[in-house]
Amino acid sequence: MMLTPVHRFRDIERKPEYLQPEKCVPPPSRASLGTMWFIRDGCGIACAVVTWMLVFYADFVVLLVMLVPSRDYIYSVINGTLFNTLAFLALASHFRAMLTDPGAVPKGNATKEFIESLQLKPGQVVYKCPKCCSIKPDRAHHCSVCKRCIRKMDHHCPWVNNCVGENNQKYFVLFTMYIALISLHALIMVGFHFLYCFEEDWTKCSSFSPPTTVILLILLCFEALLFLIFTSVMFGTQVHSICTDETGIERLKNQKPTWERISGWEGMRAAFGGAFSLAWLSPFSNLDCKSPPPAGAAAAAPASAIMTQEEIEQFLARDVAIQVLHE
């Protein structure tokens, strides 16, 4: 067999020191795979904290400024229950999106043993990421913040302090949807409260002074309007990506699909983990998806079509991509 470099735009540094196989650590053990996923990025952690604080601020204004002083008990109970339920689901979705492994490729699996286990056939292309010493599956991209290759990476979102990828896209979609809903709900309640205060005495429509009430309501109105627009756009973008089976990175790079697309309703079923049910709307339901095969995995090939030890070592030491052309 002959090895030929295959060059594609992958946003990677081709520095020789990254390509030495002895620099690659072995794949993590099975015991370590169950550990919690959390990205230690200062900017992302700050954005995540700000997100929670903004939701708590909105809840504070809705409850203590608008609903508790209201004379209509039924109106307060219904809207308070609805708003807090949506806010709880939004924060739960944010929590799951932040702490769920988005689909990270095992770090340091570019080893002789792993490549031998792939049993590569003639015509197959294998990519190696020189930054994390991993064999990259198709449609995987390296994230400079997570410092890992992520399967079906859409983008890295600082607001959830994580990448949006194959395993947590559902939770990110739910997060944007619930934030958009509570933002719309807050805007509607602010509008009704202003009308109520204009018709009644301002000192009776809130437990705070009129200037403080106006400032709190205006800030909530600005926050709700801003996040309604932002999260609605993100929600629509994510649903479009799922239905067209094209990630944000693939769309920006204008990549021609080399995979069999799963579009429309089938794409939604794959992203949300099965047939449509109430579990789609729950951030507590796990994705019922089969794990994808290892990068480059294929059916067993004849011994004459499998890479030799010498060819594997050439791949590990020379380049980031090879194509097995012929025997």
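Helix 2, residues 73-99, has 27 residues and reaches 38 Å from its first C-alpha to its last. At 1.5 Å a residue one would expect 39 Å, so the span is close to expectation. I should say at once that this is a predicted model. At the start of helix 2, a side-chain oxygen of Asp72 comes to within 3.3 Å of the backbone nitrogen of Ile74.

Helix 5 can be examined in the same way. Its 35 residues should span 51 Å at 1.5 Å a residue, and the end C-alpha atoms are 50 Å apart, which agrees. The helix is followed by Asp245, whose phi is positive, near 55°.

Let me turn to the interior. In soluble globular proteins, nonpolar side chains tend to be buried together. Here the largest nonpolar core has 47 residues, and Met66, Leu220 and Phe272 have the most contacts inside it. At least two residues of this core come from each of helix 1, helix 2, helix 4, helix 5 and helix 7, the last being residues 265-272. Helix 4 gives the most, with 16 residues. Which residues does Met66 touch, leaving aside those up to four places away in sequence? They are Val61, Met189, Val190, His193, Leu217 and Leu220. There is also a second, separate core of nine residues, which includes Ile39, Ile150, Met153 and Cys163.

I come now to the aromatic residues. The structure holds 10 aromatic pairs. Phe60 and Phe208 form one of them, edge-to-face, with 6.1 Å centre to centre and 70° between the planes. What does this pair tie together? Phe60 lies in helix 1, residues 42-67, whereas Phe208 lies in the loop between helix 4, residues 169-199, and helix 5, residues 210-244; the pair therefore ties together parts that are 148 residues apart in sequence. Phe60 is partly exposed, with a relative accessible area of 31%, and Phe208 is likewise partly exposed, at 28%.

Another edge-to-face pair is formed by Phe276 and Trp280, with 5.1 Å centre to centre and 85° between the planes. Are its two members buried or exposed? Phe276 is exposed, with a relative accessible area of 54%. Trp280, at 6% relative accessibility, counts as buried.

Phe276 and Trp280 also belong to one aromatic cluster with Trp265 and Phe272. Phe272 thus returns us to the interior, because this residue is among those with the most contacts inside the largest nonpolar core, where each member must be under 20% relative accessible area.

Conventions
Residues numbered from 1 in each chain as written. Predicted model: local features only at pLDDT ≥ 70, side-chain atom pairs only at ≥ 80, totals over all residues. Heavy atoms only, no water. Phe/Tyr/Trp six-rings, centres within 6.5 Å; stacked < 30°, edge-to-face > 60°. Helix = DSSP H or I, 4+ residues; strand = E, 2+ residues; numbered from the N terminus. Buried < 20%, exposed > 50% of the residue type's maximum accessible area, 1.4 Å probe, protein only. Polar contact = N/O pair within 3.5 Å; in protein donor to acceptor, adjacent residues only side chain to side chain. Core = buried A, V, L, I, M, F, W, Y, C linked by side-chain atoms within 4.5 Å. Contact = heavy atoms within 4.5 Å.
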